[in-house]
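Reader: I have a sequence and a structure to look at. Please walk me through how to read them.

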2 protein chains.
Amino acid sequence: MLKLYYAPQTIAVATLIALEEAGAEYEPVRLDFRNAQQRTPEYLAVNPKGRVPALVTDRGILTETPATLAYIAQTYPESKLAPFDDPFALAQVQSFCAYLCSTVHVAHAHKMRGTRWVKESDKAALKAMTANVSKTMTECFFLIENEMFQGPWVMGSQFTICDPYLFAISSWLESDGVDVAQFPLVIEHRSRMHERDTVKRVMAMQNA
Amino acid sequence: MLKLYYAPQTIAVATLIALEEAGAEYEPVRLDFRNAQQRTPEYLAVNPKGRVPALVTDRGILTETPATLAYIAQTYPESKLAPFDDPFALAQVQSFCAYLCSTVHVAHAHKMRGTRWVKESDKAALKAMTANVSKTMTECFFLIENEMFQGPWVMGSQFTICDPYLFAISSWLESDGVDVAQFPLVIEHRSRMHERDTVKRVMAMQNA
């Protein structure tokens, strides 16, 4: 059986929702980020990057959200979470996931995780990074709203792995200081996600 | 026919090499980053992100290196550039690509592209980011050298899309101030890449 290491309010929420959408049997394992459980030797043996998600399969452990999502989609084909039979459509899905992981998630991370890129002692630089997050996240979401989002789901009529991934990140917008009224399509999408039973189960799990 | 927008010494080198490895017919279109050609209205109409690569296909334009690489691998299956018939092995390939795009490339970008995350006027914060790049890139490459790289190619005996992607980034190590003697496997890999005719053709193109 699959096992997923996650922490509430993190990007691992996307993988949790994908597992629920796929109807997968899995064991969720919750990490306590407030006590830095992701930095313990036990967890670093699971994922040397010290992050979530980490998906334990019978063949080994997978990390990085674009990879865990694609793996779930491919191993539960009846869920139609990614168009593996159409290389161009699949590449569009992958492109969206790559944009979220390389640009949007990274923009967000400059708020709380600035020590990934500057010294912990440089409080002024850390403050400068944090101060800029609402601007960079706003720029990213203008691109998503105006150029990428097809509606009603990210890729159009078919729900895909892009949807839980966008949902996990768009849930951070208010706390990142973004005026969400600028992004009606993204916010409607977030509401529509909250109505799904799969998302309700994951929300209940992370808020437990 | 495919068309690839690229600029020398950028991550688009990975996609160029993959096209050569696939034996694809394609037209390379070179952008001049020194004159900010990626920010012209003409190019922003191709890729609103103002970055490379952008791969023009008969169905539309694809961006983001993990997506362009996977698309090439899937549409030229005889090149065996990604194991689409093995979900776990494919997810390992995707995980490696996602790590490069979300963590390693981002670490590197803090040297010259700090204005993505702080104001252009904040010279002290930009300097702090630049100063830290050799440290973050070194940390990333310890993880690649010790935990991810299988050898002789990234994923073991089979050459995959991970190889040109790693090559494009490992080519930046010296200019990022990294002591490459710490990473013998990665440096041997880089040398082995340089011996391939496909890579020789791409190097000749970018140095022309």
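**Strands, then the interface**

Author: In chain A, strand 1 (residues 2-6) and strand 3 (residues 54-57) run antiparallel, joined by 3 bridges. Two strands pair if DSSP finds at least two bridges between them. Strands (E, at least two residues) and helices (H or I, at least four) are DSSP runs, numbered from the N terminus. This is a predicted model: local features need pLDDT of at least 70, side-chain atom pairs count only at pLDDT 80 or more, and totals for chains, interfaces and linings use all residues. Residues are numbered from 1 along each chain as its sequence is written, and chains are lettered from A and ligands numbered from 1 in the order in which they are written.

Reader: Which residue of strand 3 is the bridge partner of Leu4(A)?

Author: Leu55(A). Strand 3 of chain A also runs antiparallel to strand 4 (residues 60-63), with 4 bridges. There, Thr57(A) partners Gly60(A). A hairpin of 2 residues joins these strands of chain A.

Reader: How many residues does each chain give to the contact?

Author: Residues are in contact if their C-beta atoms, placed from the backbone, lie within 7 Å. Chain B gives 38 residues and chain A gives 38. On the chain B side, strand 4 (60-63), helix 3 (65-75), helix 4 (87-112) and helix 5 (123-148) each supply at least two. Helix 4 of chain B gives the most, 13 residues.

Reader: What relates chain B to chain A?

Author: Copies are superposed by least squares on the C-alpha atoms of residues with pLDDT of at least 70 in both. A turn of 180° and a shift of 0.0 Å along the axis lay chain B on chain A, with an RMSD of 0.0 Å. That is the relation of a two-fold axis.

Conventions:
Two residues are in contact if their C-beta atoms, placed from the backbone, lie within 7 Å.
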